[in-house]
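I open this notebook with a structure that is new to me, and I will write down each thing I look up in the order in which I turn to it.

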Amino acid sequence: MDVTTLFSNFRECSKAMWNGHFLNIPEKFQYLDTLDDYIELREEIFIRLVLAPIHKESLNRKMISSYKKGIRLVPTLNQGKCVFLWAKAIDNAWKWNEMTTYNANIDCYYLDLFDWDSEDNIQLEYVRGRIIECKGSNSNIRGADALFKFEDVKFVVM
């Protein structure tokens with residue numbers, strides 16, 4: 001089931017909440033506290049705007065990470081290809097590498113929306129996922145995180 005519209009709504013709500021409200025909290029508050037509050041509230045909004053419509057009465061808040069693993073990111077091939085970034089954490093550092101796929105042979109589940117800069121206006125331009133399988137010569141990226149441009153994926157519930 002394609003749930004891309006639910007994610008578009010969640011993304012717009014998340015951007016508006018940060019850019020219009022949390023970003024404007026006076027400096028007397030600590031940035032990390034503000035960011036933590038935002039992340040906590042965004043998780044609740046994710047539950048209500050994305051998971052609740054999908055799972056309806058069977059929603060169990062203790063299983064959020066399991067629900068996320070059931071949401072797949074399916075690359076949409078723009079002009080026959082999809083460009084994305086991938087990385088594995090090495091000593092708590094991420095080195096992002098660019099990769100191009102010419103078919104949708106990547107099995108990747110949803111982790112979160114992503115923006116490089118959380119200290120200014122955010123656009124949540126990327127979707128972060130975990131690569132489960134990559135068929136072909138790129139099998140070495142299994143288990144890596146991937147960053148896709150939001151408009152380059154469909155969100156599908158398995």
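How many helices and strands does the secondary structure of the protein chain come to? I note beforehand that I am reading a predicted model. For the protein chain I find 3 helices and 9 strands, and when I follow the elements from the N terminus on, I read them as α-α-α-β-β-β-β-β-β-β-β-β. I then looked up the radius of gyration, which is 16 Å and close to the 15 Å that the globule rule gives for 158 residues, so I record the chain as being as compact as a globular protein of that length. Along the principal axes, the C-alpha atoms fill a box of roughly 50 × 40 × 30 Å. Of the 158 residues in the protein chain, I note that 39% are buried.

Next I turned to the salt bridges, of which the structure holds 9. One of them joins Lys68 to Glu43, where the closest N and O atoms are 3.6 Å apart. Because Lys68 lies in helix 3 (residues 64–69) and Glu43 in helix 2, this pair ties together parts that are 25 residues apart in sequence. I also checked how far each partner is covered: Lys68 is buried, with a relative accessible area of 14%, whereas Glu43 is partly exposed, at 30%.

Which residues does Asp145 meet in salt bridges? I found Arg128, with the closest N and O atoms 2.9 Å apart, and I wrote down that this pair links distant parts of the chain, Asp145 being in strand 8 (residues 145–149) and Arg128 in strand 7 (residues 126–134), 17 residues apart. I found Arg130 as well, at 2.5 Å from N to O, and this pair too links strand 8 with strand 7, across 15 residues. Salt bridges that share partners thus join Arg128, Arg130 and Asp145 into one network.

Are the members of this network buried or exposed? Asp145 counts as buried at 4% relative accessibility, and Arg128 counts as buried at 17%, while Arg130 is partly exposed, with a relative accessible area of 28%.

Last, I looked for charge on the surface, and I found that Asp33, Asp36, Asp37 and Glu40 gather there in a patch of negative charge. I took Glu40 as my example from this patch: Glu40 lies in helix 2 (residues 31–55), and Glu40 is exposed, with a relative accessible area of 61%.

Note on methods:
Residues are numbered from 1 along each chain as its sequence is written. This is a predicted model: local features need pLDDT of at least 70, side-chain atom pairs count only at pLDDT 80 or more; totals for chains, interfaces and linings use all residues. Side-chain values use heavy atoms; hydrogens and water are left out. Patches are made of residues with over 30% relative accessible area and no salt bridge: like charges are joined within 9 Å, nonpolar side chains (Val, Leu, Ile, Met, Phe, Trp, Tyr) within 5 Å. Accessible areas come from the Shrake-Rupley method with a 1.4 Å probe; for residues, only the protein chains shown count as cover. A salt bridge is a side-chain nitrogen of Lys or Arg within 4 Å of a carboxyl oxygen of Asp or Glu. Lys and Arg count as positive and Asp and Glu as negative; His and the chain ends are not counted. The place of a charge is taken as NZ of Lys, CZ of Arg, CG of Asp or CD of Glu. Helices (H or I, at least four residues) and strands (E, at least two) are DSSP runs, numbered from the N terminus. Buried means under 20% relative accessible area, exposed over 50%, partly exposed in between (1.4 Å probe, protein chains only). The radius of gyration is taken over C-alpha atoms; the globule rule is 2.2 Å times the number of residues to the power 0.38.
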